[in-house]
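Reader: Hey, got a minute to walk me through this one? I'd like the overall picture, then a few residues.

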Amino acid sequence: MSHPNTKGLLAAVSAELADIRAGIDEAGDLVSELVKGAPPEQRLTYLTRMQAFDVLSQRVDALSGLAGALAADQPMDTALAALPLAEMADRLRELSFRGRPLSETAPAPAAVSGDLLLFD
């Protein structure tokens, strides 16, 4: 890493994101409590919209994990491949390789499809 404090900063970012995740969970719990008091005909709509909290939590967890992995000196390719959200991994992988030429001898980074194979 280029700056001596980069690892410490990434570790701090990872911890901050974990705190944000806890806040998202608390907000989701509050909304869930409020939805229970909603009229039955509106609950399904509210519950569907509440799924946004789950998506936010997953994204924050993924970024926290990425920052933690980079702070622990994992190679960027490995840290990005470990992201559980394929679309996020693709976006970040594209940004991480932008401006960095791939040599003809270096293998291209492995693509992550996001598919889970339960039985082979």
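Author: Sure. One term up front: contact here means heavy atoms within 4.5 Å. Also, keep in mind that this is a predicted model.

Reader: Okay, so using that, what is S57 in contact with, leaving aside its neighbours within four places in sequence?

Author: With those neighbours set aside, S57 touches R21, I24 and D25. S57 itself sits in helix 2.

Reader: How far apart are the C-alpha atoms of S57 and D25?

Author: They are separated by 7.4 Å, although the two residues are 32 positions apart along the chain.

Reader: And is S57 buried or exposed?

Author: Buried. Its relative accessibility is 3%, and the cut-off for buried is under 20%.

Reader: Let's zoom out. How many helices and strands does the chain have?

Author: Four helices and zero strands. In sequence order the pattern reads α-α-α-α.

Reader: How do helix 1 and helix 2 pack?

Author: Helix 1 covers residues 6-36 and helix 2 covers residues 40-71; their axes lie 8 Å apart, at an angle of about 165°. Angles over 145 degrees count as roughly antiparallel, so that is how helix 1 and helix 2 are described relative to each other.

Reader: Which hand does the crossing of helix 1 and helix 2 have?

Author: Left-handed. The residues of that contact between helix 1 and helix 2 divide into 20 nonpolar, six polar and six charged.

Reader: Where does S14 fit in?

Author: S14 is a helix 1 residue. At 14% relative accessibility, S14 counts as buried. Apart from neighbours within four places in sequence, S14 is in contact with S64, A67 and G68.

Reader: And S32, what's its accessibility?

Author: S32 is also found in helix 1, but with 26% relative accessibility S32 counts as partly exposed. From S32 to R43 the C-alpha to C-alpha distance is 9.9 Å, and they are 11 residues apart in sequence.

Reader: Switching topic: which residues touch the most other members in the largest nonpolar core?

Author: That core has 13 residues, and the ones touching the most other members are L10, A62, L66, L70, A79, L83 and M88. Two or more residues come from each of helix 2, helix 3 (76-81) and helix 4 (86-97). Helix 2 gives the largest share, six residues.

Reader: Why would such side chains sit together?

Author: As a general tendency, nonpolar side chains in soluble globular proteins are buried together.

Reader: What does M88 contact, leaving aside its neighbours within four places in sequence?

Author: R59, A62, L63 and L83. Of those, A62 and L83 also came up among the core residues that touch the most other members.

Reader: What share of the chain counts as buried?

Author: Of its 120 residues, 22%. As for contacts with a separation of 6 or more, 51% are between residues 24 or more positions apart.

Reader: Last one. What is phi of D73?

Author: Near 70°, which is a positive value in a residue other than glycine. D73 is placed in the loop between helix 2 and helix 3.

Reader: How accessible is D73?

Author: Its relative accessibility is 48%, so D73 counts as partly exposed.

Terms used: Residues numbered from 1 in each chain as written. Predicted model: local features only at pLDDT ≥ 70, side-chain atom pairs only at ≥ 80, totals over all residues. Heavy atoms only, no water. Axes fitted to C-alpha atoms, helices over the stretch in contact; angles between N-to-C directions. Parallel < 35°, antiparallel > 145°, perpendicular 65-115°, else oblique. Left-handed = near helix turned anticlockwise from the far one by under 90°. Nonpolar A, V, L, I, M, F, W, Y, C, P; charged D, E, K, R; others polar. Core = buried A, V, L, I, M, F, W, Y, C linked by side-chain atoms within 4.5 Å. Buried < 20%, exposed > 50% of the residue type's maximum accessible area, 1.4 Å probe, protein only.
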